[in-house]
Amino acid sequence: MSLSLPQHYHEILKGLGEDPEREGLLDTPKRAAKAMQYLCHGYSQSLPEIVNGALFASDNDEMVIVADIELYSLCEHHLLPFIGKAHVAYIPTGKVLGLSKIARIVDMFARRLQIQENLTREIADALQSVTQAAGVAVVIEAKHMCMMMRGVEKQNSTMHTSVMLGAFRDSSTTRQEFLQLIGRSK
Ligand SMILES: [Zn+2]
């Protein structure tokens, strides 16, 4: 017989030496399970469902940038949060994507167990496949609770990852323009 998620949290509390029956913890397994399910809701989403036809014909072939997208994720190694910002850009080739969709694509992948490197790559590949862009760039900067609260306890280190596809990879001018616009270059 397999346990439900709240029952697992009940066991975790016992494993930590706590008394799951004490008043303050009575509803904790249920609440923790619900919170964790929310933090992982990206598993129940899919790219077609998120994009949902919000691709519009456009002659614009200039870089489109969405900077400072808030990002909350969980590291798959410790199940601890990493929190930061994503900066996303693409160069359209006839189709542009609704702006809020970019943030929702970031969220879909962030709300799964992740490592920052793969998260960056998954966002870039998804945007590329949806828009057929001439180039896609994704930069993520995030602070990892597994570094700040445990292990090396480095409070001020931020991890930076980037994936550059197409024109952003091939042209240093394009890449520089993007990095400048997100304030990551002199
Ligand atoms: Zn970790």
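User: What spacing do the donors of the zinc ion follow along the chain?
Analyst: This is a predicted model. In it, the protein donors of the zinc ion are C75 through SG, H78 through ND1 and C146 through SG. They lie 2.1 to 2.3 Å from the ion. Along the chain, their spacing reads C-x2-H-x67-C.

User: How many residues apart are H78 and C146, and where do they sit?
Analyst: H78 belongs to the loop between β2 (64-75) and β3 (81-91). C146 belongs to helix α6, residues 145-148. The pair links distant parts of the chain, and the two are 68 residues apart.

User: Is H78 buried, exposed or partly exposed?
Analyst: Buried means under 20% relative accessible area, and exposed means over 50%. C75 has 5%, so C75 is buried. C146 has 10%, so C146 is buried too. H78 has 34%, so H78 is partly exposed.

User: How many disulfides does a search of the whole structure find?
Analyst: C75 and C146 each give their SG to the zinc ion. As for disulfides, the search of the whole structure finds zero.

User: Which two residues touch the most other members of the largest nonpolar core?
Analyst: This core has 34 residues. Eight elements are worth listing: α3 (47-51), β2, β3, β4 (95-97), α4 (99-110), α5, β6 and β7 (159-166) each supply at least two of its residues. The residues that touch the most other members are Y90 and I105.

User: Which residues is I105 in contact with, leaving aside neighbours within four places in sequence?
Analyst: I105 is one of the two residues that touch the most other members of the largest core. With those sequence neighbours left aside, its contacts are L47, I50, V51, L97, A126 and L127.

User: How many residues make up the second, separate core?
Analyst: Its members include A89, I91, M164 and I182. The count for this second core is 10 residues.

User: Why do the buried residues of α8 line one face of the helix?
Analyst: Helix α8 covers residues 172-181, and T174, F178 and L179 are buried there. An α-helix has 3.6 residues a turn, so residues three or four places apart point the same way. Seen down the axis of α8, the buried residues line one face because they fall within an arc of 130°.

User: What covers the buried residues of α8?
Analyst: The buried residues in question are T174, F178 and L179. Their cover includes β2, β3, β6, β7 and α7 (167-170).

User: What phi does G183 take just after α8?
Analyst: α8 runs over residues 172-181. Just after this helix, G183 has a positive phi of about 75°.

User: What is the phi of D68, and what is the phi of Q132?
Analyst: Most residues other than glycine have a negative phi. D68, in strand β2, is not a glycine, yet its phi is positive, near 60°. Q132 lies in the loop between α5 (116-131) and β6 (135-144). Q132 is not a glycine either, and its positive phi is about 55°.

User: Are D68 and Q132 buried, exposed or partly exposed?
Analyst: D68 has 44% relative accessibility. Q132 has 47%. Exposed needs over 50% and buried needs under 20%. So D68 and Q132 both count as partly exposed.

User: How far apart do the C-alpha centres of domain 1 and domain 2 lie?
Analyst: The domain assignment gives domain 1 as 5-39 and domain 2 as 54-181. Their C-alpha centres lie apart by 33 Å.

How values were computed. Residues are numbered from 1 along each chain as its sequence is written. This is a predicted model: local features need pLDDT of at least 70, side-chain atom pairs count only at pLDDT 80 or more; totals for chains, interfaces and linings use all residues. Side-chain values use heavy atoms; hydrogens and water are left out. Domain bounds come from an automatic or database domain assignment. Donors are N, O and S atoms within 2.8 Å of the metal (3.2 Å for Na, K and Ca); water is not among the atoms, so sites may look incomplete. Helices (H or I, at least four residues) and strands (E, at least two) are DSSP runs, numbered from the N terminus. Buried means under 20% relative accessible area, exposed over 50%, partly exposed in between (1.4 Å probe, protein chains only). A nonpolar core is a set of buried Ala, Val, Leu, Ile, Met, Phe, Trp, Tyr and Cys residues joined through side-chain atoms within 4.5 Å. Contact means heavy atoms within 4.5 Å. A disulfide is a pair of cysteine sulfur atoms within 2.5 Å. The arc is that of the directions from the helix axis to the C-beta atoms.
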